[in-house]
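Hi there,

Here is the structure I promised to pass on. Have a look at it first, and my notes on the helix pair and the empty spaces follow below.

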Amino acid sequence: MHKFLRTIGFSLYEKDRDIEKLLDQLCEDLSDLKRIQIDEESNLCELRKEVAPGMGIAIFGEMDREGHFCRSYYYPYLKTSDMTSYVPCSIQRHTERETYAGLLDEYKVGISLIFYIDNTLECRERMIDHHSMDTKDTCLSGLSVSGKILLPIQKTEIQREKARVAAKDRNTLLEAAKNGDEDAMETLTIEDIDLYSQASRRAMKEDLYSIIDSCFMPCGVECDQYSIIGEIIKIEEKKNKITEEEVYDFTLECSDLIFHVGIAKKDLVGTPEIGRRFKGQIWMQGVVNFKEKVE
């Protein structure tokens, strides 16, 4: 079974046979099935079943000659229309199946951000029709199976403004360094050494989470999973219409990025409130919006 099914309210489905029954039930109605022809003998079909607003299971497979849908794989999804990044996105196909990974060189987090692309069918269709793969923006969301609520760090408006200015200056330096500016590289190195020194001194007397406001870093061996700490700026509660399990849909601000994170209510430790912080590990997925639409 998919590890993150419990995120969208399927925590009781722990055995493969239970998942197969669920998928059989969802595949009874094929009215929402989308299909593209890859070549004369093969096609790709996508069936999305929503179990709560913007949240559900995407099932992929192939339509055989008799008109029967033969499913191959599935995954849970959380969809959002909130824009996360305007940075151009590189798209690469995964090795084992017709799925894609997106890569953003996002200066705000200081790493190459890799995520699982949710609009697979559109990507494949553009490739078949030889349309431009230039991206306009990306909307990211994360699924989590466990998380904690942390109290916020108390800041004045002046401190917040200083942090925003410092982040903007750092992004400018990172961009210059990427283009080969040696002065920018030297400045960034000195800033990192100073930051490490300050953090080390403060860690001797203060709690770690009062020093780290937010973080966004790769976690584990899979390249699209991250450990994050982000401020909650919006909370939406959803209910899985099949299992009646409740799910939180948080809008987070983390390292100057805005994205959504879904987590089952039972998997969250603490009481979420706007202004508090969410800490957890997420599987990052997202929708890539292209500059021109396929007609």
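Before the notes, a word on labels: helices (H or I, at least four residues) and strands (E, at least two) are DSSP runs, numbered from the N terminus. Please also keep in mind that this is a predicted model.

Let me begin with the smallest item on my list, the enclosed space. Searching the whole structure for cavities of 30 Å³ or more turns up one, and the volume of the largest cavity is about 40 Å³. Its walls are made by L78, K79, T80, D118, C139, S141, Q285, G286 and V287. Two strands, β8 (135-144) and β15 (277-290), each supply at least two of these lining residues. β15 gives the most, with three residues. Sorted by class, the cavity lining has three nonpolar, four polar and two charged residues.

Next come the open spaces. How much space lies in the largest pocket? The figure is about 1,900 Å³. This pocket is lined by 42 residues, and A163, L195, I211, D213 and S214 are the ones nearest its centre. Elements that give two or more residues to this lining are α3, α4, α5 (208-211), β10 (215-218), β11 (225-239) and β12 (246-254). Helix α3 gives the most to the lining of the largest pocket, with 12 residues. By class, the lining has 18 nonpolar, nine polar and 15 charged residues.

The second largest pocket has a volume of about 350 Å³. Around it are 18 lining residues, of which E96, R97, Y116, E222 and W283 lie nearest the centre. Here the elements that give two or more residues are β4 (69-78) and β7 (111-117). The largest share, three residues, comes from β4. The class count for this second lining is nine nonpolar, five polar and four charged residues.

Finally, back to α3 and α4, two of the elements that line the largest pocket. Two packed helices are described by the angle between their axes and the distance between the axes. For α3 (residues 157-178) and α4 (residues 182-203), the axes come within 8 Å and cross at roughly 130 degrees. Angles of 65 to 115 degrees count as roughly perpendicular and those over 145 as roughly antiparallel, and α3 and α4 are therefore oblique to each other. The crossing of α3 past α4 is left-handed.

Which residues in α3 and α4 meet? On the α3 side they are R170, L173, L174, A176 and A177, and on the α4 side A184, M185, T187, L188, E191 and D192. By class, this contact has seven nonpolar, one polar and three charged residues.

If you want one place to start browsing, try the largest pocket, with A163, L195, I211, D213 and S214 nearest its centre.

Best wishes, and happy browsing!

Notes
Residues are numbered from 1 along each chain as its sequence is written. This is a predicted model: local features need pLDDT of at least 70, side-chain atom pairs count only at pLDDT 80 or more; totals for chains, interfaces and linings use all residues. Side-chain values use heavy atoms; hydrogens and water are left out. Axes are lines fitted to C-alpha atoms, for helices over the stretch in contact, and angles run from 0 to 180 degrees between N-to-C directions. Angles under 35 degrees count as roughly parallel, over 145 as roughly antiparallel, 65 to 115 as roughly perpendicular and the rest as oblique. A crossing is left-handed if the near helix is turned anticlockwise from the far one by less than a right angle, and right-handed if clockwise. Contact means heavy atoms within 4.5 Å. Ala, Val, Leu, Ile, Met, Phe, Trp, Tyr, Cys and Pro count as nonpolar, Asp, Glu, Lys and Arg as charged, and the others, Gly among them, as polar. On a 1 Å grid over the protein atoms alone, a cavity is a set of points where a 1.4 Å probe fits but cannot get out, and a pocket is an open set with protein on both sides within 12 Å along at least five of seven lines; lining residues have an atom within 4 Å of a point. Grid points are joined across faces, edges and corners, and a volume is the space filled by probe spheres set on the points.
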